[in-house]
Amino acid sequence: MGTERKRKVSLFDVVDETSAKISKSNGGGIAAMNVNSSINKWNGRPYSQRYYEILEKRKTLPVWQQKEEFLQVLKANQTLILVGETGSGKTTQIPQFVLDAVDIETPDKRRKMMIACTQPRRVAAMSVSRRVAEEMDVTIGEEVGYSIRFEDCSSARTVLKYLTDGMLLREAMTDPLLERYKVIILDEAHERTLATDVLFGLLKEVLKNRPDLKLVVMSATLEAEKFQGYFNGAPLMKVPGRLHPVEIFYTQEPERDYLEAAIRTVVQIHMCEPAGDILVFLTGEEEIEDACRKITKEAGNMGDQVGPVKVVPLYSTLPPAMQQKIFEPAPPPVKEDGPPGRKIVVSTNIAETSLTIDGIVYVIDPGFAKQKVYNPRVRVESLLVSPISKASAHQRSGRAGRTQPGKCFRLYTEKSFNNDLQPQTYPEILRSNLANSVLTLKKLGIDDLVHFDFMDPPAPETLMRALEVLNYLGALDDDGNLTKLGEIMSEFPLDPQMSKMLVVSSEFNCSNEILSVAAMLSGIFFFFLACFSVFVLSQVLGSSCHGALIILDIVPT
């Protein structure tokens, strides 16, 4: 059944004739590549020596061998599903293949059309875009850019943009046909985040009205047949082979305490294994910080028998500047002929996706991650420590084989892996509060939510609870239509309750105070910085100062 929409939204308006003619005259927009030129066609400067060095490495990636096949399939089809093993190079190379082969010129010579590549995580969008800018020998923020929440590093010259799936969804609110983009690449589709699932349904409708737009869905582990069926039998292309082999080890017996077992394994690797950095997966900030302290202490107790270690935490609430420390090299040996240093990254599943941390050889996987769970009856959303899926375990082991042959130590038995783990990660849309998503879809003009083409439709009760909340807040009227208040609320990247609080605060002359409350409730960086400030001040002023009072003084009035 078709999805009903408001006619004032241009999502289903026919694409203009000019764009269609441009697409037709260019044979779908596929142009020949000019690899041999010594002048960079994007900025008009000669290629640097670094460009040629990276190019030789790029040519060794498995995905490079199927470049021509990929471009032929893309030329012949509007939608393409690509499954590539971890380390095949799909995240960095496929967008560049598309960019070199697709015509992005527009009648307006001052602005070109863009290629978009979505990532489920902010740190992945930032790091991958920097790597691709280096590979293309251009400046980050110019021809290659990224867009994440609160930071847009792109310009009028940008032709390839990496962005989080949530940012592309927000762009669709102001540009329903996504007319700025020629090709949209949805990467890490197996993560099935809430924003990605909404984008699936949205882009499926946009493709009907923009014959010149192409969609590439990419992942390392994917339910291929399910995705093919959803996208009307789109062709499936597989890129076989991980870059380097990874040896996988299981425990003989189940571990009682996975945190203790992970720390013990790190120490054993550091003492007994050859040089190479270690990546440890844990579930949350508190656990990671505790593990970092214990690993540093254990390494300090070993003396000069082993090399120095640099222990680096990584989790989503860590400030971006501190997240970038994971890319710093391992420490040098203490003595000239001493044992080499080792970098140990302790991370949540944020490092499971597109991030390539150079030098990682050993991966420790306890088999757990925090997952969002929503109970619609009591309207409570919580994070629970749950076993990961087989797809996630496969992704984690792949981190060890990105730059050289590696080893993955799974802190659970092979029997548990085969019998207890689910094949795929449970989609986030089935375990989330949908109030914000429903508000976004209403803003996009999608009125018939029941028949919206979700890949995995959410439970009716969850959908009804979301509609009830939005009706109570005045964002929807009794007929389920978006009100003027609802339109304003949808512009805020916040929960609907927060949005309503901000919008009506002016009526009570308390906007400044409500802004501070909303910022503190929605931003976690503040608490990180505040706690650090309390620690520093307590060292200076002594332990008699009261932390809560200091935090209150830090908040601007």
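These exercises cover helix packing, one pocket and two cavities in a predicted model.

**Exercise 1. Find which residues of the second largest pocket lie closest to its centre, and where the pocket sits relative to the domains.**

Step 1. Start with the volume. The second largest pocket has about 830 Å³.

Step 2. Go to the centre. The lining holds 34 residues, and the closest to the centre are R131, E135, T356, D358 and R402.

Step 3. Sort the lining by class. Charged residues number 14, polar residues twelve and nonpolar residues eight.

Step 4. Look for helices. Helix 2 (49–58), helix 4 (90–101) and helix 5 (122–136) each supply at least two lining residues. Helix 5 gives the most, with six residues.

Step 5. Place the pocket. Domain 1 (49–239) and domain 2 (246–429) both contribute to the lining, so the second largest pocket lies between them.

**Exercise 2. Classify the packing of helix 3 against helix 4, and give the hand of the crossing.**

Step 1. Take the geometry. Helix 3 covers residues 67–76, and its axis comes within 11 Å of the axis of helix 4. The two axes cross at roughly 60°.

Step 2. Apply the cut-offs. Roughly parallel needs an angle under 35 degrees, and roughly perpendicular starts at 65. The angle of roughly 60° therefore makes helix 3 oblique to helix 4.

Step 3. Assign the hand. The crossing of helix 3 and helix 4 is right-handed.

**Exercise 3. Do the same for helix 4 and helix 5.**

Step 1. Read off the values. The axes of helix 4 and helix 5 are 10 Å apart, and the packing angle is about 55°.

Step 2. Name the class. That angle makes helix 4 oblique to helix 5.

Step 3. Assign the hand. Helix 4 passes helix 5 in a right-handed crossing.

Step 4. Link back to the pocket. Helix 4 and helix 5 are among the helices that each supply at least two residues to the lining of the second largest pocket.

**Exercise 4. Classify the packing of helix 6 against helix 7, and give its hand.**

Step 1. Collect the values. Helix 6 spans residues 165–174 and packs on helix 7 at about 40°, with the axes 9 Å apart.

Step 2. Name the class. This makes helix 6 oblique to helix 7.

Step 3. Assign the hand. Helix 6 passes helix 7 in a left-handed crossing.

**Exercise 5. Count the cavities of 30 Å³ or more, then describe the lining of the largest cavity.**

Step 1. Count. There are two cavities of 30 Å³ or more.

Step 2. Give the volume. The largest cavity holds about 50 Å³ of space.

Step 3. List the lining. The residues are L279, A351, L355, T356, I357, I360, R399 and R402.

Step 4. Sort by class. Five are nonpolar, one is polar and two are charged.

Step 5. Cross-check with the pocket. T356 and R402 line the largest cavity. T356 and R402 are also among the residues closest to the centre of the second largest pocket.

**Exercise 6. Describe the second largest cavity by volume, lining and helices.**

Step 1. Give the volume. The second largest cavity has about 40 Å³.

Step 2. List the lining. L194, V198, I429, L434, S437, V438, L441, F454, P458 and L463 line this cavity.

Step 3. Sort by class. Nine are nonpolar and one is polar, with no charged residues.

Step 4. Assign helices. Helix 7 (194–209) and helix 14 (435–443) each supply at least two lining residues. Helix 14 has the largest share, three residues.

Notes
Residues are numbered from 1 along each chain as its sequence is written. This is a predicted model: local features need pLDDT of at least 70, side-chain atom pairs count only at pLDDT 80 or more; totals for chains, interfaces and linings use all residues. Side-chain values use heavy atoms; hydrogens and water are left out. On a 1 Å grid over the protein atoms alone, a cavity is a set of points where a 1.4 Å probe fits but cannot get out, and a pocket is an open set with protein on both sides within 12 Å along at least five of seven lines; lining residues have an atom within 4 Å of a point. Grid points are joined across faces, edges and corners, and a volume is the space filled by probe spheres set on the points. Helices (H or I, at least four residues) and strands (E, at least two) are DSSP runs, numbered from the N terminus. Ala, Val, Leu, Ile, Met, Phe, Trp, Tyr, Cys and Pro count as nonpolar, Asp, Glu, Lys and Arg as charged, and the others, Gly among them, as polar. Domain bounds come from an automatic or database domain assignment. Axes are lines fitted to C-alpha atoms, for helices over the stretch in contact, and angles run from 0 to 180 degrees between N-to-C directions. Angles under 35 degrees count as roughly parallel, over 145 as roughly antiparallel, 65 to 115 as roughly perpendicular and the rest as oblique. A crossing is left-handed if the near helix is turned anticlockwise from the far one by less than a right angle, and right-handed if clockwise.
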